[in-house]
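User: Could you take a close look at the aromatic rings in this structure for me? After that, I would be glad of a walk through the enclosed spaces and one helix.

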Amino acid sequence: MASGGGSVAALWTEVNRCGQNGDFTRALKAVNKILHENKDDVTALHCKVICLIQNGGFKEALNVINTHTKSLNCDVIGFEKAYCEYRLNRVESALKTIEGVSEQSDKLKELYGQVLYRLERFDECKEVYKDLIRNSQDEYEEERKTNLAAVLAAQSTWEKAQPEDLGLPETTYELCYNAACTLIGQGQLTEAMNKLRQAEELCRMSLAEDSDQNVFDSKKKVKWTNAAGVEFKLAKKQLQAIEFNKALLAMYTNQAEQCRKLSLTLQTQNPGHPRPALIQAAQLCREKQHTKAIELLQNFSDQHQESASEIKLTMAQLYLIQGHVTKACDILRSIEEFKHKPGMISALVTMYTHEEDIDSAIDVFSQAIQYYQSQQPGSATHLSLVREAANFKLKYGRKKEAISDLEQLWKQNTNDIHTLAQLISAYSLVDTEKAKSLSKHLPSPDTMSFNVDVDELENSHGATNIRKKPVKVVGDNLPKEQGQGDIKKKKKKKKSKLPKNYDPKSSPDPERWLPMRERSYYRGRKKGKKKEQVGKGTQGATSGASADLDASKTASSPPTSPRPGSGSGQASNVVPPRQQKPAAPGATRKKPPQKKKKGGKGGW
């Protein structure tokens with residue numbers, strides 16, 4: 001017994017040392033040796049359960065607890081039992097175990113909050129975390145605030161509840177991310193995007209010293225979601241979103257077949273959800289099969305009318321890509337949920353105007369005005385639509401159709417002079433008497449006048465045409481005699497210059513205004529002597545001597561008929577070029593060209 005007691009003490013020392021070092025595998029071996037000596041040792045059993053939990057053996061740990069129920073009751077090991085059940089996704093059992101513990105410790109409350117969050121009982125979960133933050137002071141306060149922010153985000157996203165302002169800080173990327181999720185649930189997407197960028201920057205700063213530089217790589221993120229136990233930490237909608245992201249990642253990485261398989265599986269699991277159909281349509285569009293994508297979306301829309309709005313918007317976008325604007329308009333007008341929204345009205349009017357279909361654009365305005373006239377008469381949206389409809393009709397020359405809209409606007413505000421002027425202008429084409437009667441409501445010129453100095457305004461710095469004041473000259477202030485007017489000085493005409501050979505007795509040439517080439521007596525210019533061309537024929541020969549070098553023109557072969565100017569027709573003594581003596585210096589100089597005589601042929 002003494003040796004046994006000594007060995008057990010050594011084993012406990014080993015357990016303590018391994019536990020402090022985090023080596024729970026060796027600690028478990030030491031605990032098993034202790035239990036071999038005493039199988040009912042409560043402390044050893046407790047340590048064995050903890051070692052199994054630390055090594056991920058939740059089933060084995062729960063078996064140990066259930067096997068030794070007498071020694072390990074809920075008050076002794078209630079937290080460990082509930083935690084094992086929670087990690088094994090036995091959430092209801094974990095809740096019963098927690099509620100069966102008599103003394104609620106802080107760590108048990110932490111687990112209680114996690115269980116309530118998993119069960120989507122967000123109101124109770126929020127109260128648990130608020131109590132923990134209020135009554136505990138340790139190094140885990142920031143994590144509790146992060147969990148509380150996650151509860152608020154879940155309520156805003158999935159329950160559409162107005163989140164309570166608890167004054168939570170946004171000093172970490174987790175808190176900032178949860179705040180962004182809360183804004184998304186409220187529909188404040190622009191603010192949420194800014195918050196997500198802030199969270200991303202905080203995350204980069206916190207992981208700056210990490211060796212993994214590709215932390216935001218999508219493929220690695222997907223691999224992390226495949227880790228064991230992750231499915232038990234996330235809500236159903238989060239798991240669904242992860243599966244959608246996997247299909248999208250397969251599409252963007254050009255894994256078309258994998259994308260189809262995942263999207264079809266998602267469609268089977270979520271038959272009424274539009275996202276799988278949209279992913280399939282997106283994959284078809286990447287393959288340039290827009291027609292098949294539209295057919296797929298149309299079939300889904302016909303089968304699931306309750307979720308057809310998002311599908312029809314995508315169909316309209318695909319029609320626009322193909323250039324079918326009218327078909328896109330028809331699809332948009334079939335969405336009852338959005339057809340009377342100001343944004344939808346603006347889009348439809350713009351597209352119909354692009355197609356020069358003014359009647360359809362006016363019809364869109366008319367239907368929207370009738371809707372708001374029955375649902376929200378006199379509201380800001382109603383009046384703004386009437387105003388836009390009137391302006392649109394006036395812009396495209398539909399003054400008669402704009403009268404009813406303008407009358408409605410003027411009745412709402414009889415002091416609106418601009419609307420009254422538009423109404424009078426429209427009535428002037430239809431009923432002049434009505435236009436005259438309405439003109440009486442216009443303010444008088446006196447009430448419309450402004451205290452403006454016209455001279456000062458015209459001479460101001462921004463005026464384009466500044467009226468200059470006449471300059472007074474000393475001595476010119478004498479009064480003019482009655483009837484004496486200003487005498488305008490006549491400009492003297494300059495005498496035209498005549499040619500030197502001008503003869504006033506002869507009549508001018510009637511063709512003097514025509515170019516020289518177009519005159520009847522033009523015979524062309526006299527061509528000068530052609531320059532001798534060097535380089536053709538034998539070396540040094542000239543074009544002038546080429547005829548003399550022709551063998552057919554020598555004495556042995558006289559020409560058939562004498563040439564004019566050739567004399568007796570005998571060949572001249574020609575010296576070959578290589579035997580010719582060089583000419584005397586200056587002999588090759590050209591004569592300076594003679595100056596042309598003055599006076600042209602044209603003129604008079």
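Analyst:
**Aromatic rings, cavities and a helix**

One aromatic cluster is formed by Phe58, Phe79 and Tyr83. Happy to take you through it; please keep in mind that this is a predicted model. Searching the whole structure gives 7 aromatic pairs. One of them joins Phe58 and Tyr83: the ring centres are 6.2 Å apart and the planes meet at 65°, so this pair is edge-to-face. The cut-off behind that label is a plane angle over 60 degrees. Phe58 belongs to helix α4 (residues 58-67) and Tyr83 to helix α5 (residues 74-87), so the pair ties together parts that are 25 residues apart in sequence. What about their surroundings? Phe58 has a relative accessibility of 12% and therefore counts as buried, while Tyr83, with a relative accessible area of 24%, is partly exposed. The line between the two classes is drawn at 20%.

Another pair brings together Phe122 and Trp158, and here the centres are 6.3 Å apart with the planes at 35°, so the pair is tilted. Again distant parts of the chain are linked: Phe122 sits in helix α8 and Trp158 in helix α9 (residues 141-158), 36 residues apart. Phe122 is buried, at a relative accessible area of 3%, whereas Trp158 is partly exposed at 26%.

Helix α8 (122-135) also leads us to the enclosed spaces, since α8 and α7 (106-118) each supply at least two residues to the lining of the second largest cavity. In that lining the largest share, 3 residues, comes from α8. The full set of lining residues is Asp106, Lys109, Asp131, Leu132, Asn135 and Ser136. Sorted by class, this lining has 3 charged, 2 polar and 1 nonpolar residues. The space inside the second largest cavity is about 40 Å³.

How many cavities of 30 Å³ or more are there? The count comes to 2. The largest cavity holds about 60 Å³ of space, and its lining is made up of Arg333, Lys339, His340, Leu348, Val364, Gln367 and Ala368. By class, these lining residues divide into 3 nonpolar, 2 polar and 2 charged. Helix α20 (residues 358-375) contributes the most to this lining, with 3 residues.

Helix α20 in turn brings us to α21, because the buried residues of α21 pack against α20, along with α19 (342-354), α22 (399-412) and α23 (417-427). Which residues of α21 are buried? They are His382, Leu385, Val386, Arg387, Ala389, Ala390, Phe392 and Lys393. The length of α21 (residues 380-395) can be checked too: at 1.5 Å a residue, its 16 residues should span 22 Å, and the end C-alpha atoms are 22 Å apart, which agrees. The expected span uses one less than the number of residues. After α21 comes Gly397, with a positive phi near 75°.

Definitions and conventions:
Residues are numbered from 1 along each chain as its sequence is written. This is a predicted model: local features need pLDDT of at least 70, side-chain atom pairs count only at pLDDT 80 or more; totals for chains, interfaces and linings use all residues. Side-chain values use heavy atoms; hydrogens and water are left out. On a 1 Å grid over the protein atoms alone, a cavity is a set of points where a 1.4 Å probe fits but cannot get out, and a pocket is an open set with protein on both sides within 12 Å along at least five of seven lines; lining residues have an atom within 4 Å of a point. Grid points are joined across faces, edges and corners, and a volume is the space filled by probe spheres set on the points. Helices (H or I, at least four residues) and strands (E, at least two) are DSSP runs, numbered from the N terminus. Ala, Val, Leu, Ile, Met, Phe, Trp, Tyr, Cys and Pro count as nonpolar, Asp, Glu, Lys and Arg as charged, and the others, Gly among them, as polar. Buried means under 20% relative accessible area, exposed over 50%, partly exposed in between (1.4 Å probe, protein chains only). Contact means heavy atoms within 4.5 Å. Rings of Phe, Tyr and Trp (its six-membered ring) pair if their centres lie within 6.5 Å; planes under 30 degrees apart count as stacked, over 60 as edge-to-face and the rest as tilted.
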